[in-house]
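These are my notebook entries on a structure that I looked up part by part. I began with a sheet and then turned to helices, single residues, cavities and a hairpin.

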Amino acid sequence: MASPVAEALQELRLNPRFAGQITAWQCLPARPGRFGPMPDGLDSRLLDALHRQGIQNLYTHQSQAIAAALRGEDVAVVTGAASGKTLCYNVPVLHALLRDPQARALYLFPTKALAQDQLAAWQGLSLGLLPPAAAATYDGDTPASARTRIRESARLLITNPDMLHVGILPHHTRWAAFFGGLKYVVVDEMHAYRGVFGSHVANLLRRLRRICRFYGAQPTFICCSATIANPQELATLLVGRPVALVDEDGSPRGERHVILYNPPMVDRAQGVRRSILLETAAVADFFLGRKLPTIVFSQGRLSTELLLTYLRQAGEKRGQPPGTIRGYRGGYLPRERRAIERGLREGSVLGVVSTNALELGIDIGELSVCVLAGYPGSIASTWQQAGRAGRRQDVSAVVLVGGPSALDQYLLSHPAFFFGRTPEEARLAPDNPFLLRSHLQCAAFELPIAEDESLSEHGDTTALLRELADGEGVLRYARKRWYWMSNRYPAHEVSLRTATQDNFAIVQKTNGEVIGQVDAASAPMLIHPGAVYLHEGQPYLVEELDWEKRIARVRAAKAEYFTTASLSIKIEVLRVLESSAEGAAARAHGEVRVRTKATQFQQMAWHTHERLATLPLDLPEQTLLTTAYWMSLSERVVTAMRDLGDWTIAPILSYGPNWATQRRRARERDGYRCRHCGLPEGQDREHDVHHIRPFRTFDYRPGQNKNYLAANDLSNLITLCPECHRRLETARAMQGTLDGLANLLQALAPLYLMCERRDLGVTADLDFPFTHAPTVVMYDAVPGGVGFSTALYRLHDELLHACREWVSQCPCEEGCPACVGAPVEMGMGAKARVRQLLEGCSSTSGQEIPCTASGG
């Protein structure tokens with residue numbers, strides 16, 4: 001008899017509404033388990049406990065990992081979801097605690113929810129062998145009354161990096177017995193420790209090892225991870241010493257169907273497809289309507305809330321209570337998240353829409369279907385999210401609904417690339433000076449730093465220590481040691497989750513209740529005045545943003561729209577780290593200062609995504625010191641494009657003697673409002689006046705002709721706000737070409753980096769101040785950078801090759817969101833010009849751009 005999932009998949013295959021949009025369907029067959037020997041010498045009581053749980057044999061990876069840990073080797077275990085990695089550390093730890101009454105162990109999980117899950121798994125295995133109080137979670141939710149007991153009696157401490165950072169290491173003297181007997185440190189979900197968070201955690205583990213050495217302990221590290229390309233390198237960076245790798249997955253797996261799905265084309269010529277959110281909702285509702293437990297992964301907070309709204313509306317039409325479909329994301333309060341997790345395990349919640357917050361191994365019960373609203377940004381994350389369905393041996397389904405971006409469309413058009421590609425590398429930058437500076441202060445607070453001691457794996461920290469002493473006065477050098485001299489508590493000032501420490505609280509204006517929080521970098525985009533903030537599908541209108549107090553005050557509202565904000569970006573190069581001027585496109589990477597400012601926001605209709613209004617914003621400018629990669633076009637490329645008549649960057653020196661009068665008359669005629677979006681002029685800046693037919697084409701020559709009269713005729717002039725004017729100018733040929741190239745680069749870069757598109761900022765400038773040439777800049781969107789820019793510099797040729805390949809294969813005519821961008825934004829003919837530009841941009845080809853007509 002076919003399973004319910006198999007029956008639903010058969011219906012999907014035959015349903016004309018969906019079948020025509022499937023670009024690939026691959027069935028990953030079920031596989032049997034492979035087993036290895038039980039390591040010699042395990043405590044007999046532990047063996048009995050395993051047998052009581054029905055475990056007579058170990059999978060091959062469990063056998064190898066346990067044996068390595070028992071030998072005292074640091075080990076990294078890298079296998080798929082639901083492969084039984086928990087036993088890889090529970091067995092050697094329980095063995096040690098049974099054999100040595102003084103032995104202790106520390107488990108680190110990236111979230112509190114995972115810690116609670118693992119405590120339950122441990123209690124099941126250790127039942128009757130150790131008292132329940134021997135293991136305890138210790139996090140921000142632990143009552144103060146219980147903390148002393150835990151410090152005195154817990155032999156297994158289950159916590160998260162944040163608590164270790166703030167609540168344990170700074171108070172290590174209260175934990176002297178624990179650190180003195182520490183035998184094992186478990187770092188689970190290791191793949192989550194990448195980028196800023198991972199770089200912080202690497203520094204945190206340096207501090208942990210330092211404390212352990214002080215108390216005479218040298219614990220063995222056991223790291224567990226989903227599949228990534230460089231697990232051994234990542235574990236070595238985190239742990240600070242070589243690790244053994246176990247990556248032969250011996251666990252069984254049920255049959256899994258992986259479907260790539262492209263939303264239907266609305267306008268083939270322009271490459272416009274139906275909204276990814278509406279199509280994801282339709283696919284998910286297909287399975288939810290058949291009562292199949294389903295998880296939907298979305299790319300951000302806004303899209304999560306929109307999808308939740310759509311699915312609840314669809315469920316209500318068939319009598320399904322709204323509470324059976326829940327949202328799950330950062331910003332929800334802990335009690336809300338625990339209730340959702342419990343509902344999924346118990347079956348009272350049938351479906352959940354989540355950001356990547358549920359990507360990690362929290363126990364959410366038996367799910368049958370996983371729907372991904374867009375490519376998550378990395379192959380590793382895709383398979384990790386897919387693994388949330390079919391976590392035992394039943395048939396499961398995974399549907400990746402492609403978005404309009406170039407990255408999504410590239411993957412949907414290259415299924416062999418998707419199914420055959422090796423997962424990406426996880427990148428860290430633990431010696432990022434912004435991060436290292438913070439952790440040096442924390443380390444000095446914990447123990448004086450010896451003169452010959454370095455908390456950096458690749459460099460001397462003396463200069464940073466001296467700066468903290470002489471510049472800030474928080475350290476003092478005496479007797480060949482650096483001592484903490486401030487009354488500050490440095491760990492409280494350092495958040496491991498961000499490179500900056502600010503968060504904004506979102507407070508209901510009516511009752512003062514805090515309903516969520518947003519990091520400072522996202523605040524101008526998500527909680528600006530007038531924004532619609534969504535929480536569990538409920539719209540809240542932001543009435544006030546107190547920048548100084550970090551509070552957004554909101555009220556519940558029945559908004560008919562959602563909001564999106566626009567940023568202006570300015571970049572200043574501070575230092576070049578590497579550069580190469582070979583070929584037609586020079587490249588470099590280095591340190592930069594990025595200035596961003598939210599300038600306006602749009603009100604967008606719920607289901608049609610129609611722009612209803614554009615309104616101005618006036619928020620403080622934000623500054624980011626980070627690293628960037630940039631490529632600039634050589635003079636011969638600019639000359640070749642100028643010869644084609646497509647590109648000129650020379651300024652217009654004069655618009656004729658009547659320009660000031662005609663400009664004023666045009667603004668008066670248009671009521672001092674933008675003709676495109678309706679935005680009124682502000683008091684601090686007049687709107688721009690734009691020539692519909694470009695002024696240059698009238699060939700005005702001062703003192704020689706009066707062609708300015710026709711160029712400046714009111715019929716050829718329209719009033720535009722600065723943002724709309726910039727967009728319209730961008731649409732003109734060669735700025736559109738450069739923007740199209742930037743769009744491609746930003747979209748395809750995540751194929752080679754373990755990051756999401758939002759981890760990289762991008763801008764294109766026809767006359768970039770540093771290079772004085774047309775330049776595309778991509779920067780790490782975190783202070784100090786985390787290594788993406790260096791990798792992009794190395795991947796320059798490979799990335800340009802992928803861009804050339806995709807822009808040549810995309811089926812649209814003039815450009816679309818799936819390649820260079822829509823023609824209305826980039827200009828007619830932008831696709832052909834980008835393709836032509838890329839043909840001459842390889843740093844190795846050295847080819848001239850052919851001077852042929854490019855269309856448009």
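**Entry 1: the open sheet.** I looked first at an open sheet of seven strands, in the order β1-β11-β18-β17-β14-β16-β15, with mixed pairing. I noted β1 (22-28) and β15 (325-328) as the edge strands, since each of them pairs on one side only. Neighbouring strands in this sheet are turned against each other by 15° on average, direction ignored. I recorded that the model is a predicted one.

I recalled that strands of a sheet pair through backbone hydrogen bonds, either parallel or antiparallel. In which sense do β17 and β18 pair? I found that β17 (residues 369-373) and β18 (residues 396-401) pair in the parallel sense, over five bridges. Within this pair, Val371 has Val399 in β18 as its bridge partner.

**Entry 2: helices on the sheet.** I then asked which strands α13 lies across. They are β14 (294-297), β15, β16 (351-354) and β17, and α13 runs at about 180° to β15. Helix α15 (residues 379-386) also packs on the sheet, where it touches β1, β11 (256-261), β14, β17 and β18. The direction of α15 makes about 145° with that of β17.

I checked the length of α13 (residues 301-317): its 17 residues reach 25 Å from the first C-alpha to the last, close to the 24 Å expected at 1.5 Å a residue. Its buried residues include Leu306, Leu307, Leu308, Tyr310 and Leu311, and also the charged-letter entries Glu305 and Arg312. After α13 comes Gly319, with a positive phi near 80°.

**Entry 3: helix α4.** Is α4 mostly covered or mostly uncovered? I found helix α4 (residues 60-70) mostly covered, with eight of its 11 residues buried. Among them are His61, Gln62, Ile66 and Ala69. Gly72 follows α4 and has a positive phi, near 85°.

**Entry 4: two loop residues.** I located Leu360 in the loop between β16 and β17. Why does Leu360 count as buried? Its relative accessibility is 12%, and the cut-off for buried is under 20%. Leaving out residues up to four places away in sequence, Leu360 touches Pro110, Thr111, Leu114, Glu189, His191, Ala192, Gln384 and Arg388. I also looked up Arg757, which is 397 residues from Leu360 along the chain; their C-alpha atoms are separated by 20 Å.

Asn716 lies in the loop between α23 (708-711) and β32 (717-720). Asn716 is buried too, because its relative accessible area is 9%. Its contacts, again without residues up to four places away in sequence, include His690, His691, Arg693 and Phe698.

**Entry 5: cavities.** How many cavities of 30 Å³ or more does a search of the whole structure find? The search finds four. The largest cavity has a volume of about 100 Å³. I noted that 13 residues line this largest cavity, and that Ser298, Gln299, Asn356, Gln385 and Glu756 are the closest to its centre.

**Entry 6: strand β22 and its partners.** Last, I followed β22 (residues 503-508), which is joined by five bridges to β23 (residues 514-519), the two running antiparallel. Ala505 has Gln517 in β23 as its bridge partner. The hairpin of β22 and β23 has five residues between the strands, and Gly512 takes a positive phi near 75° there. Strand β22 is also joined to β26 (residues 551-556), by four bridges and in parallel. There I found Gln508 opposite Val554.

Conventions: Residues are numbered from 1 along each chain as its sequence is written. This is a predicted model: local features need pLDDT of at least 70, side-chain atom pairs count only at pLDDT 80 or more; totals for chains, interfaces and linings use all residues. Side-chain values use heavy atoms; hydrogens and water are left out. The expected span of a helix is 1.5 Å times one less than its number of residues. Buried means under 20% relative accessible area, exposed over 50%, partly exposed in between (1.4 Å probe, protein chains only). Two strands pair if DSSP finds at least two bridges between them. Axes are lines fitted to C-alpha atoms, for helices over the stretch in contact, and angles run from 0 to 180 degrees between N-to-C directions. Contact means heavy atoms within 4.5 Å. On a 1 Å grid over the protein atoms alone, a cavity is a set of points where a 1.4 Å probe fits but cannot get out, and a pocket is an open set with protein on both sides within 12 Å along at least five of seven lines; lining residues have an atom within 4 Å of a point. Grid points are joined across faces, edges and corners, and a volume is the space filled by probe spheres set on the points.
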